[in-house]
Each structure stands twice: as structure tokens, then as C-alpha cells.
Amino acid sequence: LLDVEGNLLWRGLRIRIGVHVGEARVEIDPLTLKADYFGPTINYAARVESKALGGQVLLSEATLRYLGDDLRSSLTLAEVGNFTLRGIVQPQTLFSATPQELRNRAFPAEAVDLLC
């Protein structure tokens, strides 16, 4: 991944992450004995994640409001735009969260435009 000046920032696995806050239902899987999470909050987070690009972390507006000052100061936060999320009537404003160490990481604007 290159920054806007063409400098290599990261080479490796690029996962997409979507974050939303709220309550979730937790159930233990009888086969694996591991927790599984369900509910509208989980569905919303999945919709947010679907709009992220590889290596990008997107936050819902509710999550942005929930962040404390300590966490905010360690991140570069930027509004990405308004997105139509499946199952949600009105477009939702999403924000990118990037660690300060990777603040020069850039995502192609045309790729983001395709996801709106």
C-alpha cells in the first residue's frame, strides 16, 4: 500500500473492518463452545464493513460519538461519505479510522465512489 507520495506503507493482508456500537445477543455454539453474536447491531456492523476497502476500518456515526478522547487522539478520523446500507432506509455517514502511524495511507477515491 502506498501513500499519496508513492511511499510504501504496508505490504500484507488487507482486511476490511466495520465498527458499530450497541447491544447484541450472545449464544454459545453447542459444537465449538464458542460465543456467537446476533442482532441488529451485528447486522449494521456487517453493512458498514461491506463498504470498506481492503486495509480500511470504517466506523458508524454512533461509534464515532462513542469514542473517548484517548482513542480519538491515537487515530486519524475522516468522513468518507454517505452510503446506502442494505436494509437501512436513509443513507448513513461513515468515517475512516486510521492509526496515527499509518495516517498517510490513502485509498483510491474512485474505489470509494463505487461503494456509495
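## The β2–β3 hairpin

Glu 27 sits across from Asp 36 of β3, and that pairing is a handy way into this predicted model. The two strands involved are β2, residues 25-28, and β3, residues 35-38; they run antiparallel and are held together by four bridges.

Between the strands of this hairpin there are six residues. One residue to click on here is Leu 33, found in the loop between β2 and β3. Its phi is positive, near 60°, and the residue is not a glycine. Is Leu 33 buried or exposed? With a relative accessible area of 64%, Leu 33 is past the 50% cut-off, so it counts as exposed.

## The whole chain

Stepping back, the chain has four helices and six strands. Going along the sequence, they come in the pattern β-β-β-α-β-α-α-β-β-α. Measure out a box along the principal axes and the C-alpha atoms fill roughly 50 × 35 × 30 Å.

The chain has 116 residues, and 28% of them count as buried. Take the contacts with a separation of 6 or more: 60% of these are between residues 24 or more positions apart.

## The four-stranded sheet

Which strands make up the open sheet, and in what order? There are four, lined up as β1-β4-β6-β5, and the pairing is mixed. β1 (17-19) and β5 (75-83) are the edge strands; each has a single partner, so one side of each has no neighbour in the sheet. From one strand to the next, the twist averages 30°.

Now walk across it. β1 and β4 run parallel and are joined by three bridges, with Gly 18 opposite Leu 58 of β4. Next, β4 and β6 run antiparallel, again with three bridges; here Ser 60 faces Leu 94 of β6. Last, β5 pairs with β6 (residues 92-99) in the antiparallel sense over eight bridges. Within that pairing, Leu 75 has Pro 99 of β6 as its bridge partner.

## A helix on the sheet

Helix α1 (residues 40-49) packs on the sheet, where it touches β1, β4 (57-60) and β6. The direction of α1 makes about 140° with that of β1.

Arg 47 is a residue of α1. Its C-alpha atom is 9.5 Å from that of Val 19, although the two are 28 residues apart along the chain. Leaving aside residues up to four places away in sequence, Arg 47 touches Leu 85 and Arg 86.

## Ser 96, inside the sheet

Ser 96 belongs to strand β6. Why does Ser 96 count as buried? Its relative accessibility is 12%, and the cut-off for buried is under 20%, so Ser 96 falls in that class.

What does Ser 96 touch, once residues up to four places away in sequence are left out? The list is Gln 56, Val 57, Leu 58, Thr 76, Leu 77, Ala 78 and Val 80. Of these, Val 57 and Leu 58 fall in β4, residues 57-60, while Thr 76, Leu 77, Ala 78 and Val 80 fall in β5, residues 75-83.

## The largest pocket

The largest pocket has a volume of about 410 Å³. It is lined by 22 residues, and the closest to its centre are Gly 55, Gln 56, Thr 98, Arg 105 and Phe 107. Gln 56 turns up here again, having already appeared among the contacts of Ser 96.

β5 and β6 are the elements that give two or more residues to the lining. β5 gives the most, with five. By type, the lining splits into 13 nonpolar, five polar and four charged residues.

## Out at the N-terminal segment

Glu 5 is placed in the segment before β1. At 65% relative accessibility, Glu 5 is over the 50% cut-off, so it counts as exposed. Glu 5 and Leu 71 are 66 residues apart in sequence, and their C-alpha atoms are 27 Å apart in space.

Note on methods. Residues are numbered from 1 along each chain as its sequence is written. This is a predicted model: local features need pLDDT of at least 70, side-chain atom pairs count only at pLDDT 80 or more; totals for chains, interfaces and linings use all residues. Side-chain values use heavy atoms; hydrogens and water are left out. Two strands pair if DSSP finds at least two bridges between them. Axes are lines fitted to C-alpha atoms, for helices over the stretch in contact, and angles run from 0 to 180 degrees between N-to-C directions. Contact means heavy atoms within 4.5 Å. On a 1 Å grid over the protein atoms alone, a cavity is a set of points where a 1.4 Å probe fits but cannot get out, and a pocket is an open set with protein on both sides within 12 Å along at least five of seven lines; lining residues have an atom within 4 Å of a point. Grid points are joined across faces, edges and corners, and a volume is the space filled by probe spheres set on the points. Ala, Val, Leu, Ile, Met, Phe, Trp, Tyr, Cys and Pro count as nonpolar, Asp, Glu, Lys and Arg as charged, and the others, Gly among them, as polar. Buried means under 20% relative accessible area, exposed over 50%, partly exposed in between (1.4 Å probe, protein chains only).
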